[in-house]
Amino acid sequence: MQKKWLGLGMSLILATVIAGCSGNDSNGNGASATNGPSEGTKATPTAEANKPPVTLKYWTDDRHDQEYINEMINKFNETNEDNIKVELTVMSENYAQSVDIAFSSNQAPDVLRLKGANTPVFFKKGYLEPIDGFLTDDIKAKFDKVILDGVNRFDDKVYSLANNGQTLRLVYNKDLFAKAGIENPPASLQEMVDAAKKITEAGKSEGVYGFALNFKNPKSAFDRSIREILSLSGHQGLGFDLKTGQFDFAPYSQVIEYFKQMYADGSILPGAESLDIDPLRAQFAAGKIGMYLSFSTEPGVYKDQFPTEINWGGALAPTIDGQIKGKSEIVSAGTWLGISAQSANKEAAWTFMQYMYGDEILKSYHEKGFGIAVVPAIVEQAANPDINGMEGFLVGEHDSIWPVAPTVTPEGANYADAFFKYVLAGGDLQAITTDLNARYNDALSKAVEKGEVSVTPNPAFDPTKPQG
Amino acid sequence: MNLKWKRFGENSLFLSPSIILTAVLGVYPLIWMLRYMFYDYVGYGEPLFIGLENFRRVMRDGLFWESVGNTFIYAGGKLVITLPISLLLAVILNGKLRGGNLLRGIYFMPTIISTAVISVVFYTIFNSYNGMVNTALMKLNLVSQPVDWLGTKYAMFTLILVAVWGAVGNYMLLFLAGLQGIPQDLYESASIDGANAGRKFWNITLPMLAPVAQLVIMLAIIASLKGYESIMLITEGGPIGKTEVMYLYLYKLLFPVATGMPVEQQLGYGSAVGFVTAVIVGAITGLYFLLSRKMNKMY
């Protein structure tokens, strides 16, 4: 009998604990890691009396700006007159999968963070609501220059608006360059190879090497380096020829030869084949790497994540022959927030979006160094971010957004894996290039046939004026 | 009759949680996978029936077959090193050893540590630029420059070492359980007959342990063929596919790592690869059972 009571008691305690842990979500979802409105946050009494309360879920995978965005959301929750409350959920690498699951189980967020990489896929999956109906003439005029097909506009409908983008630069250690007797960052790939060799010769005994990239994931490594080298050299950075509307990896293969040379010279940090980007940054911050190429997130990284005493800077990427024949591509530009097609509160979601796209927020986003502004009206009025190293990454005369290249999934190895294999193990570069062209163009024609992508060759495309 | 039905009802009630979970989380997705392997499907849009095309693609997919080869090297290396060490440790710890229980706990500990933690620790030990192994080797003047333990030459060897470290304690415990089931009288009789330790091991321990060993080896084979977590975390299958094993290859098809550009899930092709992979693992396990059937009848 005693045991029975004990069992009953334990069950009650367990039930209470489970109920206590399940939390209380106004939408009935026990979402974790949610940064809801601050306690005591209330809309104005008049608004509450007039309008029914609406709770919006906003999901993002941005962590670097979390504090600032949270602050802006709290302000919105306190000041908006439509009785809207926004709940921010910050996710990590599982963002795309979480969004998939949310949409398939009808628990989608109302507002989503959209990036260059996920927007076309989310559009194809039918997750996004067109926002054309909400766009006023003023907003259209403000964002007109950065409404781009395949980026934020699909089938003549707009799904997101631009905020910021990422520039890509050569990141170099000025002290190591000086120690090796090199005055300027390299302008050509041959200069880059020579500089890497000199830096290694001068510092190898102390574990210093001239060059490194995060080759654990070759695509991530090349998409932050060769992409930029190619665009400045006058070629699309992911192997697509915008003039013919076909893939052509011949320019890519030219660049690869220089990377192979750096490996042969022993100028690349040993173990770079298994290096992730953060361990690479830690080694750079420790003064062990002469140079690498990466995004404009690096100044923020060396300010907060890996604070460093070294004297470093960002410079334009080198080009194939030292001549600038194209604009350096600004990536991840053109998208920021989007509205879910499943949202029951699209009007409210737009009200929130409109608030976030206000001049003040976009301006401070740039000034605080979370991203580089690409909306012309904001670029004009925003001050430069006061972060060490950021001056090398700011948008200048050589930077521009490029037309989007189609994304296809070919059979077999992707271009980065195939070329990295050549760098490490050698082989017939011509044959590798021909094979890549054949496989990528085959995948492209199948994707066009299925209606997944559309390609319009532009024989008049000018890489010095990628936006026409 | 009533008692029979009552028993049936009770049994069903007790079995229902696992039956429901297996049906929902195991059988239902399996049915979908068996369907999708005949379709071109990337996770959205209308799946397109393409018959056996996915299987034809598997046959001509050089990367997949390379990963199968790598799996055999990885699994073979892991088994050849792990099983003898596990057995040896089990035999030693089965004796009256001071601190035996503590040692059992220590050897078993890697089994309960998260793979992510193990992977980060081993990356710190083996990375080329400031790893502990290289630092020690260079301080002892055994090498003049860092050895690239995770490079093309040694990455697989390093990953096998990680796998061995993680598995030895687990199989040791299973062998130990088997050893404790061997009657002590046999050893006592052998001692009276003048058998030495080696003879006892060869003529008593090994034959008596055979049925347990058969099961342990089978579990070890399956686990080795399916293992990919630490590889994913330490090398991601690289460099240049040298450590890509078949389950990692499959994982990347179904859960692509998107960096910079979107990469689409290949649910149709991934299902076909998953099926072929399961057939390979099943065939090897079946073959092992066939070849090892005598182990079950050794005493």
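**Reading the helices, sheet and interface**

Mentor: This is a predicted model. Start in chain B. The axes of helix α4 (residues 100-112) of chain B and helix α7 (residues 155-179) of chain B come within 7 Å and cross at roughly 120°.

Trainee: Why is α4(B) called oblique to α7(B)?

Mentor: The crossing is at roughly 120°. Roughly perpendicular covers 65 to 115 degrees, and roughly antiparallel is over 145. The angle fits neither class, so α4(B) is oblique to α7(B). The crossing of α4(B) and α7(B) is also left-handed.

Trainee: Which residues of α4(B) and α7(B) meet?

Mentor: From α4(B), Y107(B), F108(B), M109(B), P110(B) and T111(B). From α7(B), W165(B), G166(B), V168(B), G169(B), N170(B), M172(B) and L173(B). To be in contact, two residues need C-beta atoms within 7 Å, placed from the backbone.

Trainee: What makes up this contact by residue class: nonpolar, polar or charged?

Mentor: The contact of α4(B) with α7(B) has 8 nonpolar residues, 4 polar and no charged. Gly counts as polar here. That puts G166(B) and G169(B) of α7(B) among the polar ones.

Trainee: Now the sheet in chain A. What is the strand order?

Mentor: The order is β10-β13-β9-β14 (chain A), in an open sheet of 4 strands with mixed pairing.

Trainee: Why are β10 and β14 of chain A called edge strands?

Mentor: Each pairs on one side only. They are β10 (209-211) and β14 (312-315) of chain A. From one strand to the next, the twist averages 25°.

Trainee: How do you know that β9 and β13 of chain A pair?

Mentor: Pairing takes at least two bridges. Strand β9 (residues 168-173) of chain A and strand β13 (residues 289-295) of chain A are joined by 5 bridges, so they pair. The two strands run antiparallel. L170(A) stands opposite L293(A) in β13(A).

Trainee: Where do chains A and B touch, and how many residues does each give?

Mentor: Chain A gives 31 residues and chain B gives 26 residues. On the chain A side, the elements giving two or more residues are α5 (119-124), α9 (218-223) and α17 (415-425) of chain A. The largest share, 4 residues, comes from α17(A). That side divides into 12 nonpolar, 10 polar and 9 charged residues.

Trainee: What is the confidence in chain A?

Mentor: The pLDDT of chain A averages 87, and 89% of the residues score at least 70. Over residues 10-48 of chain A, though, the pLDDT is below 50. That stretch still has 32 contacts in the model beyond near neighbours in sequence. Where pLDDT is low, predicted coordinates should not be read in detail.

Technical notes: Residues numbered from 1 in each chain as written. Chains lettered and ligands numbered in written order. Predicted model: local features only at pLDDT ≥ 70, side-chain atom pairs only at ≥ 80, totals over all residues. Axes fitted to C-alpha atoms, helices over the stretch in contact; angles between N-to-C directions. Parallel < 35°, antiparallel > 145°, perpendicular 65-115°, else oblique. Left-handed = near helix turned anticlockwise from the far one by under 90°. pLDDT = per-residue confidence, 0-100.
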